[in-house]
Amino acid sequence: MYPWGMDLARMLEKCEREQWSVDDLDWSGTPRAMSAEDERAIVQYFTDMAGIERLAGALFEEQQRRAEDPKLRRIFESFVKDELRHAEAAERLARFYDQRRLERYEMSPSLVRFAPHFIASVRYLSAEIANAYITCGELILDIALLRSINDFVGDAMSERAMDLINRDESRHIAVDFHMISYYGSQEYLDKLTEEPRAPLSQRVRALWSFAHVLYYGAPFFRAVFFKPMQVVDPTGRRMKEAIKRIQLLSKKPSVRRSRFIHVMERVQEYYNESPLVRSLFGRAIERLMGVDPELISKLYTDAERERAARMSYDELAAEALSAKLA
Ligand SMILES: [Fe+2]
Ligand SMILES: [Fe+2]
């Protein structure tokens, strides 16, 4: 048992037991009838999904590299495998739905441009900031987006693949949430104060790559997330749900001690409460947070906030997942 409450041996055992292969799925069927327009959209979504999954894989590789506990390292190693398998599944789904060969599909250029900077900046940034990004990314992209795409496709093949993918994602989210609680723990804060400051050259490189993330992040989110979501989640229900989960997580007392969450939250408060700040810095804030203005507003009630503060990270992770399944 780890000081912050996760039984790593049990989690590792689950990670190994729940491995699967893309070939386990029966790919012999044919897709449901659909319009040419839907076919184009769906094949493009799965093409981009493959890129997102590879990005997630690279981020877990970084976590694996940093993990000091051998069991935790092996858990992340299994997550890297999971994400590569998801990428493979997405590519197979893209081919499966590409019935009419209407065009040559390519990954969205904004995703191709964003990915290397994001991976580099995660390498330079502190582990806690990297983890905050990964957790938000998993909730928004890997869960809200994928589930909405799956609903939109409305076909048994996608359904079967997504069931297995979601089983993997529930392990990822559980560990992501636990890492968040660890980065807010006294143990980690003590460790931080002992750590020597990074050399200037490294801090400059970190800032440089982070500036690129901000710059390329907005077009990436627009092309790969907001635009598809307008089609597959037109009421914004799943997207708001995912953002609400992130907001509630950031209200946990131990998470509140972490520097990154603090900064994000202050930015959010300023934005919501001051029309002056909004008119002067609105665009910069939107870019920094990486989300649409409507989503920066508070999406939870006070009762929900109090309830979340009392819940364990395991319960929060489970609830975030079941909300997405509903
Ligand atoms: Fe994934
Ligand atoms: Fe994941």
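## Starting at H212

Set aside the neighbours within four places in sequence, and H212 has two contacts to look up: H117 and G217. To find H212 itself, go to helix 8, which covers residues 200-232. Its relative accessibility is 18%, and because buried means under 20%, H212 counts as buried.

Keep in mind as you look around that this is a predicted model.

## The chain as a whole

Now zoom out. The protein chain has 14 helices and zero strands. Read from the N terminus on, the order of elements is simply α-α-α-α-α-α-α-α-α-α-α-α-α-α.

How much of the chain is buried? Of the 326 residues, 53% are buried. The accessible surface comes to about 15,900 Å², and carbon and sulfur atoms hold 55% of that surface.

The contacts say something about how the chain folds back on itself. Take the contacts with a separation of 6 or more: 85% of them link residues 24 or more positions apart.

## T47 in helix 2

Next stop is T47, which you'll find in helix 2, residues 36-66. T47 has a relative accessible area of 14%, so it is buried.

What does T47 touch, once residues up to four places away in sequence are left out? The list is A94, Y105, E106 and M107. There's also a pairing with A87 to check: T47 and A87 sit 40 residues apart in sequence, while their C-alpha atoms are 8.9 Å apart in space.

## S148 in helix 5

Helix 5 runs over residues 127-153, and S148 is part of it. Is S148 buried or exposed? With a relative accessible area of 1%, S148 is buried.

Skip the neighbours within four places in sequence, and the contacts of S148 are M229, V232, D233 and R238. Two of those names may ring a bell from the first stop: helix 8, the home of H212, spans residues 200-232, and M229 and V232 are among the residues that S148 contacts.

## A negative patch on the surface

Last, have a look at the outside. Which residues form a negative surface patch? They are E187, D190, E194 and E195.

E187 is a handy one to start from, and it lies in helix 7, residues 186-194. The relative accessible area of E187 is 38%, so this residue is partly exposed. Compare that with S148, which is buried at 1%.

How values were computed
Residues numbered from 1 in each chain as written. Chains lettered and ligands numbered in written order. Predicted model: local features only at pLDDT ≥ 70, side-chain atom pairs only at ≥ 80, totals over all residues. Heavy atoms only, no water. Helix = DSSP H or I, 4+ residues; strand = E, 2+ residues; numbered from the N terminus. Buried < 20%, exposed > 50% of the residue type's maximum accessible area, 1.4 Å probe, protein only. Contact = heavy atoms within 4.5 Å. Patch = residues over 30% accessible without salt bridge, like charges linked within 9 Å, V, L, I, M, F, W, Y side chains within 5 Å. Areas by Shrake-Rupley, 256 points an atom, 1.4 Å probe, with all protein chains shown as cover. Salt bridge = Lys/Arg side-chain N within 4 Å of Asp/Glu carboxyl O. Lys, Arg positive; Asp, Glu negative; His and termini not counted. Charge placed at Lys NZ, Arg CZ, Asp CG, Glu CD.
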